[in-house]
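Q: Could you take a close look at one ligand site in this model, explaining the terms for a first-year student as you go?

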Amino acid sequence: MFVIGIPSYNESKNIKALVEKIDTYSSNLGEKIIIVNSDNNSPDGTSKVFKNTPTVHKKISIITKEIGKGYNIRAIFEEVVKIKGCLGCILIDGDITSLDEEWLKKNFTALKDGADYVIPNYKRSFQEGNTTNHFIFPLIQYQIPNCPMQLIAGDFALSKKYVQYLINEIVWHKYAYTYGVDIFLSLHALYGDFNVTEIELDRKVHNPSFHKIEKMFYEVASSYYETKKILTHLPKSKVIKSNKDYSLIDPIYKIDINIIKNQKNNAINMLNTSLYNDDYIMSDKEWSKILFDNENIKGQSSSQLAKNILPFFLLRVTSYLQSCTNKSVALKSIFNVSHELRNMYR
Ligand SMILES: O=c1ccn([C@@H]2O[C@H](COP(=O)(O)OP(=O)(O)O[C@H]3O[C@H](CO)[C@@H](O)[C@H](O)[C@H]3O)[C@@H](O)[C@H]2O)c(=O)[nH]1
Ligand SMILES: O=C(O)[C@H](O)COP(=O)(O)O
């Protein structure tokens with residue numbers, strides 16, 4: 001039996017349809033599940049909608065006192081540890097509209113085949129996943145070549161062994177309770193003694209996130225720096241990478257150019273210098289150097305390291321979005337940075 005865990009905050013519009021899909025697909029696949037929703041006490045009544053959705057499988061509803069994705073993930077894990085006979089947990093974000101049977105099947109199969117941590121490789125629009133593409137991916141690739149690409153996309157699956165380790169043996173720092181939870185889980189899996197597997201999934205269709213890039217980046221970057229301070233040894237995991245490369249696709253809806261320009265101006269204002277203006281385009285090389293320099297600062301807090309790099313990250317992302325007109329150019333630009341970083345570390 002497996003837990004399917006849904007972390008949520010204001011997902012009342014989607015959670016009913018999502019729960020119905022999880023219930024039906026699991027029955028079709030002959031899997032016994034318990035659906036656990038942990039909700040940050042959403043004002044839109046998400047947990048009420050969850051509880052009122054009829055299902056064949058048992059449901060458990062948890063309400064957390066604090067707001068933050070990581071609070072929900074931890075609450076789901078605490079439930080997994082308690083449930084007798086539970087073999088592991090598949091996490092699904094509450095805003096996902098593209099879940100299909102194959103998605104669940106691949107996760108169940110990976111867990112039954114002995115994976116402790118399952119990382120999806122989604123097809124993504126080149127305008128999405130900016131914190132993945134420009135921050136997490138290049139920084140991890142220089143440390144763990146051949147590592148799965150999408151370490152913070154959410155929707156991971158975990159064995160009971162890994163969940164028990166996270167609950168009983170690991171101290172959760174404050175950023176692990178935020179959007180920083182994904183990189184926290186991925187790094188502990190990669191640096192611990194676990195089987196990490198990548199699975200191929202189709203598109204992850206969910207709510208757009210560009211409007212909250214600043215908050216999300218700050219939380220993810222703080223968590224990355226804080227977790228890396230603890231994990232000073234070499235990675236121990238056995239990683240099985242899928243045979244497919246990272247596949248970017250062209251976006252169906254492009255981000256409005258004025259929204260991109262506003263974000264660039266926001267970054268320039270944060271830096272408060274005349275060195276940059278609207279026409280400035282940060283090169284791949286410049287961004288690699290900024291990532292490298294920030295990695296090598298000693299004695300600063302993780303939140304300070306994240307704050308240092310935030311405006312430059314926004315300049316990098318907006319430069320990339322302004323200059324990359326198709327998926328091939330975008331992919332080249334992303335890989336340029338990871339190659340540059342690897343060269344700097346040689
Ligand atoms: O305070 C919060 C914020 C979000 N969520 C839920 O967490 C999931 C993901 O949040 P969302 O705001 O949709 O994240 P995205 O914009 O989609 O961000 C992507 O990148 C994040 C940072 O790595 C990951 O946590 C996400 O899973 C991933 O989809 C959703 O079910 C949310 O309802 C919470 O439970 N509490
Ligand atoms: O990598 C990121 O920036 C986050 O995972 C958000 O991704 P999204 O653009 O698909 O919401």
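A: Let us begin with ligand 2, where an oxygen atom of the ligand is 2.8 Å from an N or O atom in the side chain of arginine 124, which is a polar contact, that is, a pair of N or O atoms within 3.5 Å (within protein, one must be able to donate a hydrogen and the other to accept it, and residues adjacent in sequence count only if both atoms are side-chain atoms). This is a predicted model, in which local features need pLDDT of at least 70 and side-chain atom pairs count only at pLDDT 80 or more, while totals for chains, interfaces and linings use all residues. Residues are numbered from 1 along each chain as its sequence is written, chains are lettered from A and ligands numbered from 1 in the order in which they are written, and side-chain values use heavy atoms, with hydrogens and water left out.

Serine 209 also offers an N or O atom of its side chain, 2.6 Å from an oxygen atom of ligand 2, whereas asparagine 130 takes part through its backbone, with a polar atom there 3.1 Å from an oxygen atom of the ligand. On its own, ligand 2 has 310 Å² of accessible area, and the protein covers 90% of it; such areas come from the Shrake-Rupley method with a 1.4 Å probe, and for residues only the protein chains shown count as cover.

The residues around ligand 2, counted as near if one of their heavy atoms lies within 4 Å of it, are Arg124, Glu128, Gly129, Asn130, Thr131, Thr132, Ile152, His206, Ser209 and Met216. Sorted by class, this shell holds 2 nonpolar, 6 polar and 2 charged residues, where Ala, Val, Leu, Ile, Met, Phe, Trp, Tyr, Cys and Pro count as nonpolar, Asp, Glu, Lys and Arg as charged, and the others, Gly among them, as polar. Its largest share, 3 residues, comes from helix 5, residues 130-143, a helix being a DSSP run of H or I with at least four residues, numbered from the N terminus.

Ile152, listed around ligand 2, is also among the closest of the 22 residues that surround ligand 1, together with Glu11, Asp93, Tyr179 and Asp182. At ligand 1, a polar side-chain atom of tyrosine 179 lies 2.5 Å from an oxygen atom of the ligand, and one of lysine 69 lies 2.8 Å from an oxygen atom. Taken alone, ligand 1 exposes 670 Å², of which the protein buries 94%. The shell around ligand 1 has 7 nonpolar, 8 polar and 7 charged residues.

Technical notes:
Helices (H or I, at least four residues) and strands (E, at least two) are DSSP runs, numbered from the N terminus.
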